Amino acid sequence: MKPWTASVRRYPHFDPVISVAEAEAVATDPARVVTHTFYPFLKYDEGWTLFAEKGKHGKRKDRPIRFAARLDSCIFSYYRYLLSGPYEAILQAERLSNSVIAYRRIPKHVGSGGQSNIDFALSAVQAIQIQGDCCTIALDISSFFETLDHNRLRDVWAGLLGVSKLPAEHFRVYQAITRYAFVDVVKAYTRLGYYGDKADRHGKVRPGYLKARKDIPVQLCDGRTFQEKIARSATQSSIIEVNKLGMGVPQGAPLSDLLANAYLLEFDKYLRDICEKLGGCFFRYSDDILVIAPISESDAVQLEKEIRGAITTYGKGLLIKEEKSAIHRFDVQGDRQTVRTIKATDKDGNPMQNKPFEYLGFRYDGRHTFIRDKTMSNLHRKIASVCRATAIRQVKRYQGKPTDEILALTNVENVIQAFGSVEDFHLKAADYRSWTFTTYAKRASKTMGTLGKPIARQMKNLRNAIKRRISHELARVR
């Protein structure tokens, strides 16, 4: 395992930017960690609208994300490093290294770098093909990070260290990650004068940022201002909230992912034993579980029920909802497999007869893999939205000009870059954060080889589709 080094990021937060050397000096000194005062996390909701059929409104879904102050984040990162060594050793000893796949660096089978969800999805499809006649059981743990029991988490933490009681510095970090304090980012920015009511370009007053994001300081405020405007003062009440529920860790903190994985160690052993007995295998990507086994449909239905019951035994406080589970049957027929839905429901809990088999963003029909339909539909909806906004800006900018002339004056390439290929893809592919949708699709198609041939067809003519959509939106808004 590589030696740990601190990463001091420059996002806006309550603490000042410090050097990497100073961050490492604090994080690696137990005495300084014991006496360290952690700042509240800043919290925002990562939201999206679930896929819905045309003409219907998708259900809004929000995931609370909390990010730590810079030095706090370095401390969490270092303690993640301390725990990851023994955790990886346990996974290796317990034959779980290829089954627990999220939040870990798993080297690619060919070439350099770590595996991504593309590689994990391919491994699952290949396992289904190897099994031949088999059933798959997909399950989802509800509110995974938010329902981890603190007492059990403390025991799991101690178990990784091989002690009965956490050392003082570990206990201090445990307190900071469980009974954590947090501040809603909009409330904080409002108190500090970076967010509030302002008039938009049409003169309508609505809430928004009072400064450009780039002009918001990296250190949001000094210590005195923090006490006066964020914490309790003589004139204002505190906007700091504290997690007093006895469960949950902040999703987004550098340590939370490892703790969540380790929390399910006994459950993972249970799944391993079941799968080995049946001659199958399983994959767990965070809260998404996939079991693949050469069993009958009736046995698969019974096994799904047993697994839902086992999570309450091996993962205190966790729940797998029946309506979020899906069972599929695969049978070999010639050079391909057929797939049938045995048990599945839609987002409203209604039974689905033909729910496709999907895993980690991909669909497998028994012969080929595809980027799942919902993802493609959402992509085209996003394209339509961006093209509509572009058209509105261009019509306002070039008032009185005909549509064809406005289109000629529109830098279509700027729009395409949001969805099209990244320049020097071979140089940037190792960093997924620089990928666009098409570079992701190209990587998926290449990784999956013959299995992924349809992915190229799914992306065919995307450039022309964007141009046609801009032209259509220009005609609509004129």
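This is a friendly tutorial dialogue on reading a predicted model of a protein chain.

User: Let's begin with the whole chain. How many helices and strands does the chain have?

Analyst: There are 18 helices and 14 strands in the chain. The chain has a radius of gyration of 25 Å, close to the 23 Å that the globule rule gives for 478 residues, so the chain is as compact as a globular protein of that length. If you picture a box along the principal axes, the C-alpha atoms fill roughly 70 × 65 × 45 Å.

User: What share of the residues is buried, and what does "buried" mean here?

Analyst: A residue counts as buried when its relative accessible area is under 20%, and as exposed when that area is over 50%; partly exposed lies in between. In this chain, buried residues make up 44% of the 478. Turning to the outside, the accessible surface is about 25,000 Å², and carbon and sulfur atoms hold 49% of it.

User: What share of the contacts joins residues 24 or more positions apart?

Analyst: Take the contacts in the chain with a separation of 6 or more: 67% of them are between residues 24 or more positions apart.

User: And the charges? How far apart are the mean positions of the positive and negative ones?

Analyst: The chain has 76 positive and 52 negative charges, and their mean positions are 6 Å apart.

User: Now a single helix, please. How does the span of helix H12 compare with what its residues should give?

Analyst: The idea is to compare an expected length with the distance between the two ends. Helix H12 covers residues 373–397, which is 25 residues, and at 1.5 Å a residue it should span 36 Å. Its end C-alpha atoms are 36 Å apart, so the two agree.

User: Which residues of H12 are buried, and what do they pack against?

Analyst: Among the buried residues of H12 are Met-376, Leu-379, Ile-383, Cys-387 and Val-395. The buried residues of H12 pack against strand S14 (369–371) and against several helices, including H13 (403–409), H16 (437–448) and H18 (462–477).

User: Is Val-386, in the same helix H12, buried or partly exposed?

Analyst: Val-386 has 28% relative accessibility, so it counts as partly exposed. You can also place Val-386 by distance: its C-alpha atom is 32 Å from that of Leu-122, and the two residues are 264 apart along the chain.

User: Helix H13 came up as a partner of H12. What does Leu-407 in H13 touch?

Analyst: Leaving aside residues up to four places away in sequence, Leu-407 touches Ile-470, Ser-471 and Leu-474. Leu-407 is partly exposed, because its relative accessible area is 26%. From Leu-407 to Thr-390, the C-alpha distance is 10 Å, with their positions 17 residues apart in sequence.

User: Let's try a residue in another helix. Where is Leu-265, and which residues does it touch?

Analyst: Leu-265 belongs to helix H10, residues 265–278. Leu-265 counts as buried because its relative accessibility is 11%. Beyond residues up to four places away in sequence, Leu-265 touches Tyr-87, Ile-90, Leu-91 and Leu-96. Gly-85 is 180 residues from Leu-265 in sequence, while their C-alpha atoms are 15 Å apart in space.

User: Why does Arg-308 count as buried?

Analyst: Arg-308 has 18% relative accessibility, so it counts as buried. Arg-308 sits in helix H11, residues 297–314. Its contacts, not counting residues up to four places away in sequence, are Leu-139, Ile-320, Lys-321, Glu-322, Ser-325 and Lys-343.

User: How should I read Gly-159: buried or partly exposed?

Analyst: Gly-159 is partly exposed, since its relative accessible area is 48%. Gly-159 lies in helix H5, residues 150–161. Its C-alpha atom is 9.7 Å from that of Ala-262, a residue 103 positions away along the chain.

User: One last feature, the backbone angle phi. What is the phi of Arg-95 and of Leu-360?

Analyst: Arg-95 has a positive phi of about 60 degrees, although it is not a glycine. Look for Arg-95 in the loop between helix H3 (70–93) and helix H4 (117–131). Leu-360, also not a glycine, has a positive phi of about 50 degrees. Leu-360 is in the loop between strand S12 (357–359) and strand S13 (362–364). With a relative accessible area of 17%, Leu-360 is buried.

Definitions and conventions. Residues are numbered from 1 along each chain as its sequence is written. This is a predicted model: local features need pLDDT of at least 70, side-chain atom pairs count only at pLDDT 80 or more; totals for chains, interfaces and linings use all residues. Side-chain values use heavy atoms; hydrogens and water are left out. Helices (H or I, at least four residues) and strands (E, at least two) are DSSP runs, numbered from the N terminus. The radius of gyration is taken over C-alpha atoms; the globule rule is 2.2 Å times the number of residues to the power 0.38. Buried means under 20% relative accessible area, exposed over 50%, partly exposed in between (1.4 Å probe, protein chains only). Contact means heavy atoms within 4.5 Å. Accessible areas come from the Shrake-Rupley method with a 1.4 Å probe; for residues, only the protein chains shown count as cover. Lys and Arg count as positive and Asp and Glu as negative; His and the chain ends are not counted. The place of a charge is taken as NZ of Lys, CZ of Arg, CG of Asp or CD of Glu. The expected span of a helix is 1.5 Å times one less than its number of residues.
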